[in-house]
Amino acid sequence: MPLAIYNTLTRRKEPFETIEPGKVRMYVCGITAYNYFHVGNARAFIIFDVVRRYLMWLGYQVRFVQNFTDIDDKILNRAVQEGTTMQAIAERYIEAYFEDSDRLNILRADVYPRATHTIDGIKRLIHELEQQGFAYASEGDVYYAVRQFADYGKLSGRKLDEMQAGASGRVEVEDESEKKKDLFDFALWKAAKPGEPAWESPWGEGRPGWHIECSAMVRQELGDSIDIHAGGMDLQFPHHENEIAQSEAVTHKPLARFWMHNGFVNMDGEKMSKSLGNFRLTRDLLKEYDPMAFRLFILQAHYRKPIDFTAEGLEAAANGWQTIKEGLLFESEFGAQLGWTSGESVGTKIETAIAQFKTAMDDDFNTSGALAVLFDLAKDLKRERNLLVHEGTTSIAPAELQHHWHTLAELADVLGLKAELTAEETTPGGLSDAEIETLLEERQTARKAKNFAEADRIRNLLQEQGITLIDQAGGTRWHRG
Ligand SMILES: [Zn+2]
């Protein structure tokens, strides 16, 4: 069965087909750079990183774009609070974004467009909307006229008239209502306020609204129509609905074939929100938990369902990660001892595991089903590890066992789970080549005397210094790292 993806636009799972054979154009809405990103954002970034990795594993060439919103009221407020510039705030949190997402092993996007670098494209798009009767200027602002766009509401399934009935209290910006023709019209361009960064435009000095950025950046980096547009469920309305209205009014083409949205993160049973004060920043979380344990925690739930963030859940994920991590480190621990080669046979994989993994992932990215396959492989390796340590032998032939390990390593990589030796394990011990050779001779002597405990001790000692041993017929080779 081919890959099926739940499409928010059609509200059903559909077979995944790309506009251009073998190529995927994918856009994920990124951060507004005024703070460290929270665990809700992290969920989206991890999920869509897995989507991207899986498509790459299937053989697609994926062009992945994620933006930075570097102009926004929130950034401006923060700059005023701290007595600095909007640019300084944005730079700080963009840098922090890279630090935190690198720790989570999220692949870097092909391009990270920024709103302030896309001003020309934004102005061009607003101009086209105005020409075609979808936008109007009002006291230095420019608004999108939602009632001009017949399809407005098609993504979220909302109808303007129904929304209006219960709209009281939902209109956030009081001073805009005077300038708008309709309550649901939204700003494409905002007139400059004193002291704010501003750009020249046909409508006077000002700055772009939030929604128009993404429409302009998608168009600039990926073209009129893309394969996947993704983000958190909170972006479905109004942000993505507005993106569709802006882009499709001008291009008359679907902005995206597939719209993907991930579910919310709840904190101890309640929706995570700033007003409830139960907000967790990813950076703070990673002080307590291994980034891979957190990644595993996110992947244990289906991406469209809400996920309940609890200490117990994270502890369980940390235990699960330990099992997979040990499996992944099996090669560096025992590979040489088992005579594993890096030859052709390494390419052989456990076909049943691959097939199960693929079946799970093809079903709208059922990552918990995919993880079950990884756990099975990791448990095989754990059992063999115990046999090896206690009885000096394995029940699965070493070459076959290597296939288990290789399959685990490959599938873990598709989910972005990466085992790294801890800092102590990788710190260079300062052993000289001569010292290493001496230790190897001592180990050889111990082995000849069948003093395997001593031989293992030396081997472990070297391993702790980041030195890998490869036992061969003609003697032992070694390399650093
Ligand atoms: Zn966006």
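Here a colleague and a modeller talk through a predicted model.

Colleague: Happy to look at this with you! How many helices and strands does the chain have?
Modeller: Glad you asked. This is a predicted model, and its chain has 481 residues, with buried residues making up 52% of them. The C-alpha trace spans about 90 × 55 × 40 Å along its principal axes. As for secondary structure, the chain has 17 helices and 15 strands.

Colleague: Which protein atoms are the donors of the zinc ion?
Modeller: The donor residues follow the spacing C-x184-C-x24-H in sequence. Their donor atoms lie 2.1 to 2.2 Å from the zinc ion. The protein donors are C29 (SG), C214 (SG) and H239 (NE2).

Colleague: How many residues apart in sequence are the parts that C29 and C214 tie together?
Modeller: Both C29 and C214 are buried. C29 and C214 are also protein donors of the zinc ion. C29 lies in the loop between β3 (23–28) and α1 (39–57), while C214 belongs to helix α6 (residues 210–222), so the pair ties together parts whose separation in sequence is 185 residues.

Colleague: Helix α7 interests me too; how many of its residues are buried?
Modeller: Let's take one residue of it, Q236, which is in helix α7. Q236 has a relative accessible area of 18%, and because buried means under 20%, Q236 is buried. Leaving aside neighbours within four places in sequence, Q236 contacts T8, L155, S156, E241 and H261. For the helix, which covers residues 236–251, the buried count is 15 of 16.

Colleague: Nice. Which residue just after α7 takes a positive phi?
Modeller: The phi in question is about 60 degrees. The residue just after α7 that has it is H252.

Colleague: Moving to the hairpin of β1 and β2, which residue in the turn has a positive phi?
Modeller: Strands β1 (residues 4–7) and β2 (residues 12–15) pair in the antiparallel sense over four bridges, and N7 stands opposite R12 in β2. A4 and Y6 point one way from β1, I5 and N7 the other way, and all are buried. Four residues separate the two strands, and the one in the turn with a positive phi, about 60 degrees, is R11.

Colleague: Which charged residue sits over the ring of Y6?
Modeller: Y6 is one of the buried residues of strand β1. The charged end over its ring is 4.0 Å from the ring centre. A second example is K181, which lies over the face of Y136 at 4.3 Å from the ring centre. For Y6, the residue is R304.

Colleague: And the rings of Y97 and F98: are they stacked or edge-to-face?
Modeller: There are 27 aromatic pairs by the ring-centre rule. The rings of Y97 and F98 have centres 5.7 Å apart, and since planes over 60 degrees apart count as edge-to-face, their angle of 70 degrees decides it. Y97 is buried at 1% relative accessibility, and F98 is buried at 17%. The pair of Y97 and F98 is edge-to-face.

Colleague: Last one: which residues does K274 touch, leaving out those up to four places away in sequence?
Modeller: UniProt, in an unreviewed entry, places the feature "binding site" at K274. In the model, K274 lies in the loop between β12 (270–271) and α8 (282–288). Apart from residues up to four places away in sequence, K274 touches Y34 and F279.

Note on methods
Residues are numbered from 1 along each chain as its sequence is written. This is a predicted model: local features need pLDDT of at least 70, side-chain atom pairs count only at pLDDT 80 or more; totals for chains, interfaces and linings use all residues. Side-chain values use heavy atoms; hydrogens and water are left out. Donors are N, O and S atoms within 2.8 Å of the metal (3.2 Å for Na, K and Ca); water is not among the atoms, so sites may look incomplete. Buried means under 20% relative accessible area, exposed over 50%, partly exposed in between (1.4 Å probe, protein chains only). Two strands pair if DSSP finds at least two bridges between them. Rings of Phe, Tyr and Trp (its six-membered ring) pair if their centres lie within 6.5 Å; planes under 30 degrees apart count as stacked, over 60 as edge-to-face and the rest as tilted. A charge sits over a ring if NZ of Lys or CZ of Arg is within 6 Å of the ring centre and within 35 degrees of the ring normal. Contact means heavy atoms within 4.5 Å. UniProt positions are given in the numbering used here, feature names are shortened, and annotations may be inferred rather than shown by experiment.
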